[in-house]
Amino acid sequence: MSNEGKKVKVHYTGTLDDGTKFDSSVDRGEPIEFTCMAGMMIPGFDAAVKDLAVGETKTVHIPAADAYGEYNEELIQKIPVSQIPNGEQLPVGQTIYMQGPGGQPFPVFVKDITDGVATFDMNHELAGKDLNFEIELVECED
C-alpha cells in the first residue's frame, strides 16, 4: 500500500558513511511530519517512506544525487567585503543567512576572507555526501 500523498509522521536517524550522525528526530523526541512524495523531503527519503507500513523500520542508503545533490563548484562566490553590509564582521568558518532575490533568507558558509574579498560556499552542507537513514513510520493519515 502506497503512502503517496498521505500525511505521515516518521522517526529517523541520519548518518554519513563514516558513521557520523548529522540529524535525529529520535534525539529530539519528536517525529517529523510531512506529505509523502510531495517534494517536502529529499527524493531518496520520500521514496523510502512511500511503501512503509506503520510500525515498520527501514534502513536506506541515499546517494548524494538523491539527497542534497552533488557538490557544485559554481556555487562558490567571491564578493568584495566593501559591498557587504558589516562585511568586516563576517564570521569565517560559520554559516550566515543572506537575502535572495525574492527576499527569502538562504544559508551560506563563510569560507574565507582574503585581501578584502569574502568567499562564500552556497552549497548545502550535506551536498556531495551519501546519506544513511534509519526510518520508522510512526503514523499515517489516509
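In this predicted model, a polar atom of the N3 side chain lies 2.9 Å from the backbone oxygen of V49. N3 belongs to the segment before β1, and with a relative accessible area of 2% it is buried, because a residue counts as buried under 20%. Leaving aside residues up to four places away in sequence, N3 touches V8, C36, V49, K50, D51, L52, L137 and C140.

V49, the partner of N3 in that polar contact, also leads into the interior, since V49 is listed together with V10, F45, F133 and I135 as having the most contacts inside the largest nonpolar core, a set of 20 residues. At least two residues of this core come from each of β1 (7-16), β3 (32-35), α2 (43-50), β4 (57-62) and β9 (131-141). Apart from this core lies another, of nine residues, which includes I84, I96, M98 and A118.

Within the larger core, F45 repays a closer look: not counting residues up to four places away in sequence, F45 touches V10, Y12, I32, F34, I62, F133 and I135. Both F45 and F133 are buried.

The aromatic rings add a further layer to this picture, with five aromatic pairs counted in the model. In one of them, the ring centres of F45 and F133 are 5.0 Å apart and the planes stand at 85°, so the arrangement is edge-to-face. This pair links distant parts of the chain, as F45 sits in helix α2 and F133 in strand β9, 88 residues apart. F45 and F133 also join Y12, F22 and F34 in one aromatic cluster.

Note on methods:
Residues are numbered from 1 along each chain as its sequence is written. This is a predicted model: local features need pLDDT of at least 70, side-chain atom pairs count only at pLDDT 80 or more; totals for chains, interfaces and linings use all residues. Side-chain values use heavy atoms; hydrogens and water are left out. A nonpolar core is a set of buried Ala, Val, Leu, Ile, Met, Phe, Trp, Tyr and Cys residues joined through side-chain atoms within 4.5 Å. Buried means under 20% relative accessible area, exposed over 50%, partly exposed in between (1.4 Å probe, protein chains only). Helices (H or I, at least four residues) and strands (E, at least two) are DSSP runs, numbered from the N terminus. Contact means heavy atoms within 4.5 Å. Rings of Phe, Tyr and Trp (its six-membered ring) pair if their centres lie within 6.5 Å; planes under 30 degrees apart count as stacked, over 60 as edge-to-face and the rest as tilted. A polar contact is a pair of N or O atoms within 3.5 Å; within protein, one must be able to donate a hydrogen and the other to accept it, and residues adjacent in sequence count only if both atoms are side-chain atoms.
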